[in-house]
Amino acid sequence: MNRRIPLAVTAFLLLIASLCFTLFRASTDSTADTMASAEDATFVGSETCAGCHQGVYHSWRDSQHARAMQHARAETVLGDFNGVDFKAPGIAATFLRRDNDFMIRTAGPEGPEREFKVLYTFGVSPLQQYLLDVGRGRLQAFSVAWDSRPVNQGGQRWFSLDTPDGDGAAGPAHWLRPDQNWNAMCADCHVTNFQKNYLPEQERFESRFSELGVGCESCHGPASMHIRWARGDKTLAHSGLQRVLDAPRQSDWRRAAGESAAHKVSKGQGNDGQEVCAQCHSLRHPVREGMQDGGAFLDHYRPELIHPPLYHADGQQRAEVFITGSFEQSRMAMAGVSCVDCHDPHTQQTYAPDNTLCTRCHAEAQFDRPDHHFHPPGAEGAQCVNCHMPETTYMKVDPRRDHRIAVPRPDLSVTLGVPNACNGCHDDKSPAWAARQLREQHPDGRWRTQHHGMIFSAADAGDPSAQPDLRRLSTSRTHSPMVQASAAARLDPLDRENRPILARLLRSDDPLLRQGALESAAGLPAEERTEVLAPLLKDQYRSLRSSAARLLAGAPNAPPALSSALEDYEKELRLNSDRAEYLNRKALLEMALRRDNPARHWLLAIERDPSSPQSYLNLASYWSSRERESKGEAVLLDGLSHAPTSARLHEALGLSLVRQRRNEEALDAFQKAHRLQPGNPRYSYVLAVALFDSEPEQALSLIDDAIRKHPFDHDLLWAAASFNARAGRRQEALIHAQEILSHYPEDQRVRRLLDLLQ
């Protein structure tokens, strides 16, 4: 690993000591030409900052940011490497010392056991992982971690990060799998000034960074021009910094007499600084490197909206979403609160303990009292965060609070099955009990209102009646842009009433709303996308231009702006060309643009990640479209040899066999898919279609059972109507046909069936 060495500091600090300065406030919305040039600025290392900023430097030095990644040495390694053996499903390891080196003996990429030297520690608390070099510049995070908590909390032990159903060595949590690759998945948030430098022709990384850990310049940008400013060059705007961050002040907020909560009275850091935190504390896809040099978040990343399985229907964190997506749903974010209003950016600690932090802005006399939280003062249930920021544990030992900072809604646990803060503590009670308690204590509380989670849940279940609510929600200024955008993404683009809403959202001043509308527009027929999405090809943010280009590639009558936006998209694909999912996208782009041999990218994707079904599915579909069905079948069989529990591969194999008129073999494949995922409506439908001619009663029973679980699924309802009609069950067929029309009134196929039945 190449590492840039910080400037020698001793003589240098003597020159600038007289020019030390304190934190300052400045606006961040000046034009780019008044800023120091990003091309001129270079990274100099956090130690260089210490001479003038001793206080914040020493606060930062002991933080988890500073220790996010360190050289493996006696003073940094926390785990027990004294010959300890460890075994778990799919993994076995021995942790050893060799003089000053820390070693892990385990099976490597080639199979046989060997010893790997630990190059770096990864994290500090509540767990620490270790990075191993497997060749070609590739560092992998070992999936057996050290629990660094105290013994009385269950710590000081080795444990596997894989789950019992994680498929062991074939699962995504195994240390040799792509999801555990440091270069692509971890590095840009654990070192400063990271450049991945993947060389696809050589299938190797030449990754570089300027400093281990999250250094000063990770947030403030390269500091060389700032040093010039400190040495006397006052012609440099904004003190020579690419990104100016305001120091938070309590005086930014004011609560007048009679107000229950403070309101912001000065711009302060606002959402400009929020993007700095979001570059790591959000679930997002990289579009372009170099945000630490300065620039907008959406020029470098594409954030995830509120979708399953990342979030519960009500927006609670489910997967590891890294806080920002949760916080952006909150009323706090809408009011202008940012991370640094609660957290010291240099220590990451909150400014005050317990409820004192909250009552800096929220009236203590109104909220920190038993008639609000109905728990004894000082009890766990009386702590604001335990009700409004419940915890979810990740990586088995790492509890993280939900930053929606939302009102508890146990009623949604009853209706939607989502977790709630009340039963997180009162686990001996039911959600209905918790909902009743809340109704009694707060009869006029927010539980009386329709929550957007109800609308999202209905939409995700395929209920067409959710569409009017989605239209209202996507344009509601009383909800956060994160919620609005997630509603927009669920709008059915084929619903004519949604078209003007989508057109308006695609022109919104808020880029998150444009992203949500763009996600919905992906469902339009290819020939209709151009007119709708053409304006986004010139969007000010690269992530949106790139997404629009992906959806318009190969479209007829494409506007001239597509060419430039496609360059953005292809650069995104090159940046991520070590990942199988991006190689799949590259192949699809090659097909859309009618370039030669897109199959080579799918073959490369399979080589990169042989356990991922999508590459086999796409390649098999490609061969089928070229009437080479036997070749597609061979691809699917190869995929099943690597991912035998993939229902999608079994179903695709069955469809391939049907096209080859090998129906008995196809039925066996469909049955396997259904056994693997019996709750999936698609597999129930396909199996029922395959069974109907030979086993009509079994097929109808299968369809009826699936409809009970998925009452709005169009394919299931159509199968029920048409199968009953064919079986001579006129009344049953009429009932199902009328049910389809109640949800899908423009379905002409069902109208024709009704004409025959009536």
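**A walk through a predicted fold**

Trainee: In this predicted model, does phenylalanine 723 count as buried or exposed?
Mentor: Let's use the cut-offs: under 20% relative accessible area is buried, and over 50% is exposed. Phenylalanine 723 has a relative accessibility of 5%, so it counts as buried.

Trainee: What radius of gyration does the protein chain have?
Mentor: Start with the spans of the C-alpha trace, about 95 × 65 × 60 Å along its principal axes. A compact globule of 758 residues would have a radius of gyration near 27 Å, and the chain's value agrees with this: 28 Å.

Trainee: How many helices and how many strands does the protein chain have?
Mentor: First a word on the interior: buried residues make up 49% of the 758 residues. As for the elements, the protein chain has 36 helices and 21 strands.

Trainee: What share of the contacts between residues at least 6 apart join residues at least 24 apart in sequence?
Mentor: On the outside, the protein chain exposes about 36,300 Å², and carbon and sulfur atoms supply 51% of that area. Among contacts between residues at least 6 apart, the share that joins residues at least 24 apart is 54%.

Trainee: How many aromatic pairs are there?
Mentor: Ring centres of Phe, Tyr and Trp must lie within 6.5 Å to pair. By this rule, the count is 18 aromatic pairs.

Trainee: How far apart in sequence are the parts that tryptophan 602 and tyrosine 622 tie together?
Mentor: These two form a tilted pair, 5.6 Å centre to centre with 50° between the planes. Tryptophan 602 lies in helix H27 (residues 599-608) and tyrosine 622 in helix H28 (residues 613-625), so the pair ties together parts that are apart by 20 residues.

Trainee: What kind of pair do the rings of phenylalanine 692 and phenylalanine 723 make?
Mentor: Two values describe a pair of aromatic rings: the distance of the centres and the angle of the planes. For phenylalanine 692 and phenylalanine 723 these are 4.4 Å and 20°, so the pair is stacked.

Trainee: How many residues apart are phenylalanine 692 and phenylalanine 723?
Mentor: Phenylalanine 692 sits in the loop between helix H32 (681-691) and helix H33 (696-709), while phenylalanine 723 belongs to helix H34 (residues 714-726). The pair therefore links distant parts of the chain, 31 residues apart.

Trainee: Which side chain makes a polar contact with that of aspartate 693?
Mentor: Aspartate 693 lies in the loop between H32 and H33. At 66% relative accessibility it counts as exposed. Its polar contact, 3.1 Å long, is with the side chain of arginine 726.

Trainee: How far apart in space, C-alpha to C-alpha, are aspartate 693 and glutamine 250?
Mentor: In sequence, aspartate 693 and glutamine 250 are 443 residues apart. In space, their C-alpha atoms are apart by 73 Å.

Trainee: Which ring does the charged end of arginine 749 sit over?
Mentor: A similar arrangement is seen at lysine 429, whose charged end sits over the ring of tryptophan 433, 5.5 Å from the centre. For arginine 749 the distance to the ring centre is 4.0 Å, and the ring is that of tryptophan 718.

Trainee: What does the side chain of asparagine 420 reach at 2.9 Å?
Mentor: Asparagine 420 lies in the loop between helix H15 (410-416) and helix H16 (421-425). With a relative accessible area of 9%, it is buried, and it touches residues including Arg409, Pro410 and Ala434. At 2.9 Å its side chain reaches the backbone nitrogen of cysteine 422.

Trainee: Which side chain makes a polar contact with that of asparagine 193?
Mentor: Asparagine 193 lies in the loop between strand S11 (191-192) and strand S12 (198-199). At 7% relative accessibility it counts as buried. The side chain it contacts, at 2.9 Å, is that of glutamine 195.

Trainee: What is the phi of asparagine 197?
Mentor: Asparagine 197 is found in the loop between S11 and S12, and at 30% relative accessibility it counts as partly exposed. It is not a glycine, yet its phi is positive, about 50°.

Conventions
Residues are numbered from 1 along each chain as its sequence is written. This is a predicted model: local features need pLDDT of at least 70, side-chain atom pairs count only at pLDDT 80 or more; totals for chains, interfaces and linings use all residues. Side-chain values use heavy atoms; hydrogens and water are left out. Helices (H or I, at least four residues) and strands (E, at least two) are DSSP runs, numbered from the N terminus. Buried means under 20% relative accessible area, exposed over 50%, partly exposed in between (1.4 Å probe, protein chains only). A polar contact is a pair of N or O atoms within 3.5 Å; within protein, one must be able to donate a hydrogen and the other to accept it, and residues adjacent in sequence count only if both atoms are side-chain atoms. Rings of Phe, Tyr and Trp (its six-membered ring) pair if their centres lie within 6.5 Å; planes under 30 degrees apart count as stacked, over 60 as edge-to-face and the rest as tilted. A charge sits over a ring if NZ of Lys or CZ of Arg is within 6 Å of the ring centre and within 35 degrees of the ring normal. The radius of gyration is taken over C-alpha atoms; the globule rule is 2.2 Å times the number of residues to the power 0.38. Contact means heavy atoms within 4.5 Å. Accessible areas come from the Shrake-Rupley method with a 1.4 Å probe; for residues, only the protein chains shown count as cover. Lists of a residue's contacts leave out its neighbours within four places in sequence.
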